[in-house]
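Colleague: Could you pull up the model and go through it with me?

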Amino acid sequence: MTRRWRWKEPSVLPGFGLTFGFVVFYLSLFVLIPLAALILRPWELGLGGFWDAVTTPRALAALRLSFYAAGVAALINAVMGLVLAWALVRYEFPGKRIIDALVDLPFALPTAVAGIALTAIYAPNGPIGAWFDEIGVRIAYTPTGVLLALIFVGLPFVVRSVQPVLEDVDREIEEAAETLGASAFQRARLVILPAILPALISGVGLAFARAVGEYGSVIFIAGNMPLKSEIAPLLIVIQLEQFNYAGAAAIGLAMLGLSFMVLLALNGLQAILSRRGQA
Amino acid sequence: MSAARRSAVRGAAPFVIGVGVLWLALVVLLPLGMVFAEAFRRGLEGFLQAFDEPDAWAAVRLTLLVAAISVPLNALFGLAAAWCISRYEFRGKALLTTLIDLPFSISPVISGLVWVLLFGTAGWFAPLLDALGVRVIFTVTGLVLATILVTLPFVARELIPLMQQQGADEELAALTLGAGPWAIFSKVTLPNVRWALLYGVLLCNARAMGEFGAVSVVSGHIRGLTNTLPLHVEILYNEYDFVGAFATATVLAGLALVTLLIKSLLEWRFADELAATRRH
């Protein structure tokens with residue numbers, strides 16, 4: 001006998017109707033209706049108007065900077081995040097607990113605070129900015145400044161994604177590999193890397209998504225020169241200040257669509273890698 | 001562990017630890033130190049001057065008010081979502097979970113923008129709001145809406161994996177023994193998840209009090225009225241009152257440090273009662 005199609009499995013526990021109803025109501029109110037506005041309002045301009053709004057040289061430059069800097073920051077965080085996760089999982093050293101806690105500081109520190117602090121450090125009269133100024137390199141108020149801010153906000157993601165997986169990597173397999181004559185490099189490449197790669201990719205994806213939309217920590221250090229160091233979220237704010245709602249929504253929607261495509265690609269890569277890992 | 005391996009690991013250890021710690025110091029510790037250094041640039045007196053201003057205290061009160069409304073609402077939502085998702089099997093559960101996580105992958109600016117699209121002067125609901133004589137954008141209501149959207153997933157994300165892992169056995173036992181719904185929730189479920197709930201509330205609160213992008217879009221930056229603490233920092237900074245901006249920023253940095261301290265204590269002391277990903 002085939003089982004009857006059910007929307008919900010029966011349960012003796014009370015409260016499904018109440019909690020499910022509340023969750024759907026709350027999500028509709030605070031997520032679905034607002035996002036519907038973001039998805040529908042750009043089309044008030046028509047398809048041509050939408051296209052024009054997101055392909056002005058200024059909008060293109062802003063989107064390019066946001067995505068490019070977020071990508072580079074995510075890659076730098078992938079490398080340094082791996083080093084940090086490795087140090088925290090594999091070694092014991094004094095102050096480890098504090099170092100571990102400080103990894104989350106970019107999550108906890110309000111972005112505006114991070115923004116003004118980074119600007120103070122890398123401005124031409126700041127402690128590090130002054131060194132670079134002497135050799136003629138500017139960091140603050142250029143795309144390099146944007147990159148630094150995005151590295152800051154993305155730092156915890158890779159560490160926190162890789163750390164638990166690295167802890168679970170079976171040391172016996174590593175030791176077996178070693179007994180069979182694998183060098184340290186071979187062990188890292190053939191045993192550890194395949195195990196942590198899916199987590200690494202998901203951490204990179206999270207850092208990237210966060211960096212694309214980041215606003216508070218960037219606007220102080222960016223200088224915000226149109227076409228040069230203006231990020232996409234700032235352009236949305238500027239459009240709003242000019243009461244160009246549809247234009248602002250168009251750039252917002254383009255940003256969201258592009259970053260979902262990147263995340264989808266990373267998810268696909270992750271799926272392929274974990275399937276290969278199981279085989 | 002073989003001697004060869006131990007020596008290989010020992011050999012790499014100082015290098016890996018050194019690079020990792022130096023990187024963290026450069027990227028994270030230096031900005032934190034800079035906040036305090038700049039705040040005390042003109043001594044204690046200059047520092048205290050920043051708090052000798054009614055606007056600063058209005059910003060503190062507003063930040064507390066917005067968090068006091070949005071955090072409990074999102075905590076309630078988190079409990080309901082975790083109960084619904086971890087205790088029943090139904091179609092569309094994966095979609096529901098994705099929707100709960102969605103606000104994390106949206107730019108804060110967009111989380112503010114959507115409310116303007118709905119309730120701004122040219123928003124979908126503008127005629128309705130006009131008829132009712134209510135305003136949302138540039139008011140505390142707007143700040144609360146934006147903050148709720150940004151911080152919506154925090155509590156749910158801590159509770160869902162934990163309650164899924166704990167399973168419903170204890171609740172079913174209570175039900176068999178004749179406990180009513182409220183007794184099951186308050187005597188069985190809540191005690192089992194209390195530390196994870198506190199953990200989620202802690203992170204939710206830190207973000208709610210520190211949020212900048214989303215509230216900046218809906219606030220209108222009216223001093224003394226719709227200016228939260230992070231927005232007050234921005235205003236002072238843009239007026240070239242750097243000491244004032246950094247002095248105000250120390251309050252927010254202090255909040256972040258206290259949050260991290262309590263978070264670490266919870267991970268250390270109550271690891272078994274937190275979601276598995278928080279145990280390290």
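Modeller: We can talk about chain B as a whole and then turn to the surface, bearing in mind that this is a predicted model.

Colleague: How many helices and strands are there in chain B?

Modeller: Chain B has 13 helices and 0 strands, and from the N terminus on its elements accordingly read as α followed by α throughout.

Colleague: And what size of box do the C-alpha atoms of chain B fill?

Modeller: Taken along the principal axes, the box is roughly 70 × 60 × 30 Å. Chain B has 280 residues, of which 54% count as buried, and among its contacts with a separation of 6 or more, 73% join residues that are 24 or more positions apart.

Colleague: How many positive and negative side chains does chain B have?

Modeller: There are 19 positive and 19 negative side chains in chain B, with the centres of the two sets 10 Å apart. The accessible surface of chain B is about 12200 Å², and carbon and sulfur atoms account for 67% of that.

Colleague: Changing topic, which residues form the nonpolar patch on the surface?

Modeller: The patch draws on chains A and B, with residues including A:F25, A:L29, A:W43, B:W124, B:F125 and B:L132, and together its members have about 1200 Å² of accessible area. The elements that give two or more residues to the patch are α1 (16–40) of chain A and α6 (126–132) of chain B.

Colleague: Which element gives the most to it?

Modeller: That is α1 of chain A, with 5 residues.

Colleague: What about A:F25, buried or exposed?

Modeller: A:F25, which is found in helix α1 of chain A, counts as exposed because its relative accessibility is 52%, and the cut-off for exposed is over 50%.

Methods. Residues numbered from 1 in each chain as written. Chains lettered and ligands numbered in written order. Predicted model: local features only at pLDDT ≥ 70, side-chain atom pairs only at ≥ 80, totals over all residues. Heavy atoms only, no water. Patch = residues over 30% accessible without salt bridge, like charges linked within 9 Å, V, L, I, M, F, W, Y side chains within 5 Å. Areas by Shrake-Rupley, 256 points an atom, 1.4 Å probe, with all protein chains shown as cover. Salt bridge = Lys/Arg side-chain N within 4 Å of Asp/Glu carboxyl O. Helix = DSSP H or I, 4+ residues; strand = E, 2+ residues; numbered from the N terminus. Buried < 20%, exposed > 50% of the residue type's maximum accessible area, 1.4 Å probe, protein only. Contact = heavy atoms within 4.5 Å. Lys, Arg positive; Asp, Glu negative; His and termini not counted. Charge placed at Lys NZ, Arg CZ, Asp CG, Glu CD.
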